[in-house]
Amino acid sequence: MSRMQAAAKPSAVSRALARDRLGVPAVLFFVLAGVAPLTVAAGVIPTAYATTGLTGIPAAFVVVAVILGLFATGYVAMTRHITNAGAFYAFIARGLGRPAGVAAALVALLAYTFLQVGLYGALGPSAQAQAAAHLGIHAAWWVWALAAWALVTMLGLGRVDIAGKVLGVLLTVEVITIVAETIFGLAHPAGGQLSLATLSPAALTSAGFGTVGVLAVVAVLGFVGFEQAPVLAEEARHPRRTIPAATYAALGVIALVYAGAAWAMAAHAGRARVVAAAGTQGPGLLFGLGPGWLSQTAQWLFLTSLFAAALAFHNCVWRYIFALAREGVLPAGLGRTGPNSIPKAASLTQSLTGLAAIALFALGGFPPMTDLFFWLGTTGGFGILILLAVTSVAVIAFFASDPRGESAWRRAIAPAGAAILLAGLIVLAVLHYATLFGVPPGSPAAWALPAGYAVVAVIGLGWGLVLRARRPAVYATIGLGAHAVTGQRGSFRPGTPS
Amino acid sequence: MMFPMASSRAGRAMHDRGAPRPPRHQPAGRERSRGPVNAGLAGTGLVADDLYLMAHHELTGRPLLQPRPLGIGLAGALLAELMLGGSITVRPGGVVLAGRSWPADDLARRVRDQIAGEYQPRPLPEWLLFWARTAAVDLAGRLERAGYLMRVGGWVRRRPGRWVSVDPDWAFGPLLRVRSALDPARPFDPREVALAGLAVASGLGFRLDQYLTPVGRALAEAIGYLGPDLRELIAQTQAAVDSALLSHRI
């Protein structure tokens, strides 16, 4: 065998490294496991029908999926050229500058924290109802929320791979349940006639053009998690194909499942009555679509789904904290790992935030399902919407000076389209935030919660500038995450075939 | 500072299972005491052996790190042995042989030969991930042959056995060496500084904190005195461990 032939044949090292890599199904499973579909289908969608009074939710999932597909074009293209590709702030730091990256990091931390702690607001009441109905145990919602919090804290400090396996099994059963409920719902429409009206784009503006933004926030909340595929960019078998394929597949699956479930609920209850039915039944709007045994199964799975989502977002938040601490943006103590390789300080910090939220809402007597779950959850979704829009701009800026072999569609046209559409949705959402919350215009919650992002963004920008002036070595590594210690800015994928 | 010594109950139980064999490794240039306990405390003189002992519980033999960070750290230590021995070096294109020096140890020679067998140099992170797959088992075998570990359990209920330290005191030897490496009053020893750096990079900083005075700045300073290859190796090991953690593949 000539030297050239031997060089062309993959060596034992290449083959061994390739065996450890992930294909599309593994990455897709990882992404969907963090999405916790029943939480959205039974928790977010009925609450959104009831709170906003809007019926265009099925259409919103379809339209937002298309916009996110446009966004993903530039997002996955940039993933191929940077390190720490699993975090929005890494894209923004590389595209728009490090101070903007720090601002984005704090916005992301706040958004994911809202999403995580909000879940206790649904976990508590749901567990309370289930325990009272089936176990004869009567305890306040916050007791159950605290029990879930304690379990999340414990698992957050334990072995992450076990948590991942649990999430995977739950995901599979949840999707099967939602699809079954959807089929039953569509098979028994109100009045015997299946209507496509709630799936039509016209449904988005049925209560005025501004409600598009409100519906988009709800839909984006459902898609949160699809952006996680690049976390595994360095582990992918074929980085140019695996990550984009898994991202688009995740978008497609999520859109299909949620739009289908939301459509089935509206069809089964009737478009004119779905808002009122959601107000009285809550998650029961989904559970009532199928027969009794399916409903019972779905109710228990709803609890496990909420728990899985709380655990997934808990892990997501400590990952952000850990990466930022490794870079020196947050205190170094938050980046230290303990036994079992878990960053305990970062994990416990998020646990304390959850405890504070449960205590605040319990002591204040605020309704957990609407105020804690829906308000904080949708505000978390709104934060992700902001990050999606800014990331689109960052993608354009990143490729502006050097196309790096990417086509104009990927590096400029698609991201520009996504940025314009997402920015429009943000403006409409801000203008109609009171509708999203179901409160009178001018209500403090409707401006204070979204304004929180502006506050942390300003703090982040300021802190970024302080780091530039006082700690240039730390400033230089902003956005590099795990690679902060090596200063490596380009992508690295060991042993991947070119 | 308290170290569990051989007088502990668990330690005695371990001794009862069989008389400890004196270590067979007697690295050149390394002073060793005569008694079996003291000889064991001196270690094999190999960085990866010391890191393996630090990364496992001294009584139960259970790993203190998740499998992937542990493997990456041990892989880094295997490469550090070759760097310290002048067998390999890091060039912009990847890891290459530094000369014709051959390591005395079989495992180290196998690592060297694998690197030599590649037609094109591979980057350091690739070698870390490649050896991470097998480093823990390879090193347990090496330490068993050297008389530091013994296998307990077996194939009971279809579960493989595990390795425990022959003498818990010997498992503490590496921590003592790291402490002395970070003592500014003692002469600079690149082997022990590399061990300390790789221990922290793998995620064993908590273990150092448990038994040593706060090491942060002293360690960073000491690493600064290492050659560029070892500094790069420690940084790449930490990056690989952090990447594994952030991608949840641990």
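**Exercises: a predicted two-chain model**

Chain A of this predicted model has a mean pLDDT of 86, with 94% of its residues at 70 or more.

**Exercise 1.** Find the stretch of chain A where pLDDT stays under 50, and decide how to treat its contacts.

*Solution.* Start with the location: residues 491-498 of chain A are the ones to flag. Next, look at what the model builds there: 19 contacts beyond four places in sequence. Finally, be wary, because predicted coordinates shouldn't be read in detail where pLDDT is low.

**Exercise 2.** Describe the side of chain A that touches chain B, going from residue counts to elements to residue types.

*Solution.* First, the counts: 33 residues of chain A meet 28 residues of chain B. Then the elements: helix 1 (3-8), helix 2 (12-19), helix 9 (160-187) and helix 14 (292-327) of chain A each put in two or more residues. Helix 14 of chain A gives the most, with four residues. Last, sort the chain A residues on this side by type, and you get 15 nonpolar, 11 polar and seven charged.

**Exercise 3.** Work out how strand 1 (residues 88-91) of chain B pairs with strand 2 (residues 94-97) of chain B, and which strand 1 side chains are buried.

*Solution.* Begin with direction: the two strands of chain B run antiparallel, joined by four bridges. Now check the turn: two residues sit between the strands, and together strand 1 and strand 2 of chain B make a hairpin. One pair to pick out is Arg91(B), whose bridge partner in strand 2 of chain B is Gly94(B). For burial, follow the alternation along strand 1 of chain B: Ile88(B) and Val90(B) share one face and are buried. Thr89(B) and Arg91(B) point to the other face and aren't buried.

Definitions and conventions: Residues numbered from 1 in each chain as written. Chains lettered and ligands numbered in written order. Predicted model: local features only at pLDDT ≥ 70, side-chain atom pairs only at ≥ 80, totals over all residues. Contact = placed C-beta atoms within 7 Å. Nonpolar A, V, L, I, M, F, W, Y, C, P; charged D, E, K, R; others polar. Buried ≥ 20, exposed ≤ 12 C-beta atoms within 10 Å, placed from the backbone. Pairing = 2+ DSSP bridges. pLDDT = per-residue confidence, 0-100.
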